[in-house]
Amino acid sequence: MNQMQTLLHEALIATHHVENGAIIRRKDVSLRASSAGFSLTNDQMERFIGSFRNPPRTREVGIVFSEKKYTCVRADSSSVYAKHGKTGIVLVKTGSLIIVGTYNENMYPSVCVEAVEKLASYFKEKGK
């Protein structure tokens with residue numbers, strides 16, 4: 001397990017309120033780490049990165065993820081939160097990365113948000 005994979009697991013998955021997580025490098029749209037069984041297509045990673053280019057538009061149209069439309073509940077230059085029923089996705093942008101976390105109906109969205117934001121803060125402090 002590489003360092004990013006370990007961080008992803010310990011900071012997100014170990015909370016038991018993040019179902020799946022990923023770390024995307026924005027520069028080359030590459031998946032740096034992901035939780036077991038969680039994969040993202042290049043198209044999906046491009047959409048996540050694009051959601052930060054025009055936050056008002058993202059708030060208006062939402063996000064499509066796993067063939068479902070997610071309603072945006074927050075979108076600004078550093079964070080995007082969206083939900084579909086009782087499931088949701090959290091995206092947080094750092095200098096070079098996008099941190100992704102998802103939650104399901106048995107998890108607390110606030111704990112997922114806190115975990116993803118905290119991991120993003122760690123990367124920001126490291127200049128990543």
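## A walk from strand E7 outwards

Start by selecting Val 92 and Ile 99: Ile 99, in strand E7, is the bridge partner of Val 92. Before you go on, know that this is a predicted model, where local features need pLDDT of at least 70, side-chain atom pairs count only at pLDDT 80 or more, and totals for chains, interfaces and linings use all residues. Residues are numbered from 1 along each chain as its sequence is written, and side-chain values use heavy atoms, with hydrogens and water left out.

**Stop 1: E7 and its neighbours.** Helices (H or I, at least four residues) and strands (E, at least two) are DSSP runs, numbered from the N terminus. Show strand E6 (residues 87-93) next to E7: they pair in the antiparallel sense over 6 bridges, where pairing takes at least two DSSP bridges between two strands. Follow the chain between them and you'll cross a hairpin of 3 residues joining E6 to E7. Now add strand E1 (residues 20-25), which runs antiparallel to E7 and is joined to it by 6 bridges. Pick Asn 20 there, and its partner in E7 is Thr 102.

How many residues of strand E7 (residues 97-103) are buried? 7 of the 7 are, so the strand is largely enclosed by the rest of the structure. Buried here is under 20% relative accessible area, exposed is over 50%, and partly exposed is in between (1.4 Å probe, protein chains only). Colour Leu 97, Ile 99, Gly 101 and Tyr 103 for one covered side, then Ile 98, Val 100 and Thr 102 for the other.

**Stop 2: the rings.** Rings of Phe, Tyr and Trp (its six-membered ring) pair if their centres lie within 6.5 Å; planes under 30 degrees apart are stacked, over 60 edge-to-face, and the rest tilted. The whole structure has 4 aromatic pairs. Select Phe 48 and Phe 65: this pair is tilted, at 5.7 Å centre to centre with 40 degrees between the planes. Phe 48 sits in helix H2 (residues 42-50) and Phe 65 in strand E3 (residues 63-65), so the pair ties together parts 17 residues apart in sequence. Phe 48 is buried at 1% relative accessibility, and Phe 65 is buried at 8%. Next, jump to Tyr 122 and Phe 123, an edge-to-face pair with 5.5 Å between centres and 70 degrees between planes. Tyr 122 is partly exposed at 29%, while Phe 123 is buried at 2%. Finally, add Phe 38 and Tyr 70, which ring pairs link with Phe 48 and Phe 65 into a cluster.

**Stop 3: the cysteines.** Looking for disulfides (cysteine sulfur atoms within 2.5 Å)? The count is 0. Cys 72 is in none, with the nearest cysteine sulfur, that of Cys 112, 14 Å away. Cys 72 is buried at 11% relative accessible area, and Cys 112 is buried at 0%.

Conventions. Disulfide = S-S within 2.5 Å.
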